[in-house]
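Reader: I should like to learn how the features of a structural model are read. May we go through one together, step by step?

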Amino acid sequence: LPTYGQARQYMTVLPMTGNVTYIPKEGTLPTWTWGVNENASITSSKPTFGASTLTPTKGGAIVVISNEMLRDANVNVGQYVIKKIAQARGTGEDSQYFAGTGSPFTGVFATANTFGGETSLASTNVFTYAKVVDASLAIDQNYAAGAGWYGSRSVTAALRNLVDSQNRPIW
């Protein structure tokens, strides 16, 4: 599976027993007051919290192999089927992780998620050096510390093939 899915190296897989799992998430921060005079009161405030709900789901694949393929197979059919299922699951996980479908998971890099700014790099055929610069500099500094570029192999290929105005490779 890790051979075919790029996202798995960035995510944490939680084994679930069938029960819904709730993970706390930050809602709002407490209020900060500036310019407080000596002996002045500061209004109290409380941060709020919510919860992300993880609902276990099942997945599977049924592979039908014809009698002709079984009779004529010169390869290990079982290993071939396992490889194809791993490939399907890996690319499916990538799709959910990077872009999401909105149900049940919206994807870490879905276009609805903004991190301080927004630049459309939704398709590899619209990549330009200027858009990559815009995307990297539009991110809030809180999110940029320790940040990295993540994407599927097609995204990585598009980034590495970027050229400058004189058609020289940038990568």
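Author: Let us begin with exposure. A residue is called buried when its relative accessible area is under 20%, exposed when it is over 50%, and partly exposed in between. The model shown here is a predicted one. Tryptophan 32 has 64% relative accessibility and therefore counts as exposed.

Reader: How much of the chain is made up of buried residues?

Author: The chain has 171 residues, and buried ones make up 12% of them. Its accessible surface comes to about 13,600 Å². Carbon and sulfur atoms account for 54% of that surface.

Reader: Which elements does the chain have, and in what order do they run from the N terminus?

Author: There are 5 helices and 2 strands. Read from the N terminus, the order is β-β-α-α-α-α-α. As for contacts, consider those between residues at least 6 apart in sequence: 55% of them join residues at least 24 apart.

Reader: How should a pair of aromatic rings be read, and how many aromatic pairs does a search of the whole structure find?

Author: A pair of aromatic rings is described by two quantities, the distance of the centres and the angle of the planes. In this model the search finds 1 aromatic pair. Tryptophan 32 and tryptophan 34 have ring centres 5.7 Å apart and planes at 75°, so the pair is edge-to-face. The cut-off behind that reading is an angle of over 60 degrees.

Reader: Is tryptophan 34 buried or exposed?

Author: Tryptophan 34 is exposed, because its relative accessible area is 72%. Its partner, tryptophan 32, is exposed as well, at 64%.

Reader: Let us turn to charged side chains. What is the general idea, and how many salt bridges does the structure hold?

Author: Side chains of opposite charge can pair when their charged atoms come close. The structure holds 3 salt bridges. In one of them, glutamate 93 meets arginine 8, with an N to O distance of 2.5 Å. Glutamate 93 lies in helix H2 and arginine 8 in the segment before S1, so this pair ties together parts that are 85 residues apart in sequence.

Reader: With which other arginine does glutamate 93 form a salt bridge?

Author: Glutamate 93 also pairs with arginine 89, where the closest N and O atoms are 3.2 Å apart. Both residues belong to helix H2 and are separated by 4 residues, about one turn of the helix. Arg8, Arg89 and Glu93 are thus part of a network of salt bridges.

Reader: Why does glutamate 93 count as buried, and how does arginine 8 count?

Author: Glutamate 93 counts as buried because its relative accessibility is 15%, and the cut-off is under 20%. Arginine 8 has a relative accessible area of 23% and is therefore partly exposed.

Reader: Where is the salt bridge of arginine 168 made?

Author: Arginine 168 pairs with aspartate 164, and their closest N and O atoms are 2.8 Å apart. Arginine 168 is partly exposed, with a relative accessible area of 45%. Aspartate 164 is partly exposed too, at 23%.

Reader: The segment before S1 has been mentioned. Where does glutamine 6 lie, and is it buried or exposed?

Author: Glutamine 6 is found in the segment before S1. At 15% relative accessibility, glutamine 6 counts as buried. Its C-alpha atom is separated by 7.8 Å from that of arginine 153, although the two residues are 147 apart along the chain.

Reader: Which residues make a nonpolar surface patch?

Author: Leu14, Met16 and Ile23 make such a patch, of about 220 Å². Leucine 14 is placed in the segment before S1. Its relative accessibility is 43%, so leucine 14 counts as partly exposed.

Reader: Finally, let us consider the backbone. What is the phi of asparagine 39, and where is this residue placed?

Author: Asparagine 39 has a positive phi of about 65°, although it is not a glycine. Its place is in the loop between strand S1 (21-28) and strand S2 (48-54). Asparagine 39 is exposed, with a relative accessible area of 78%.

Reader: What is the phi of asparagine 167, and where is this residue found?

Author: Asparagine 167, likewise a residue other than glycine, has a positive phi near 65°. Asparagine 167 is found in the segment after helix H5 (153-160). With a relative accessible area of 61%, asparagine 167 is exposed.

Definitions and conventions. Residues numbered from 1 in each chain as written. Predicted model: local features only at pLDDT ≥ 70, side-chain atom pairs only at ≥ 80, totals over all residues. Heavy atoms only, no water. Buried < 20%, exposed > 50% of the residue type's maximum accessible area, 1.4 Å probe, protein only. Contact = heavy atoms within 4.5 Å. Areas by Shrake-Rupley, 256 points an atom, 1.4 Å probe, with all protein chains shown as cover. Patch = residues over 30% accessible without salt bridge, like charges linked within 9 Å, V, L, I, M, F, W, Y side chains within 5 Å. Salt bridge = Lys/Arg side-chain N within 4 Å of Asp/Glu carboxyl O. Phe/Tyr/Trp six-rings, centres within 6.5 Å; stacked < 30°, edge-to-face > 60°.
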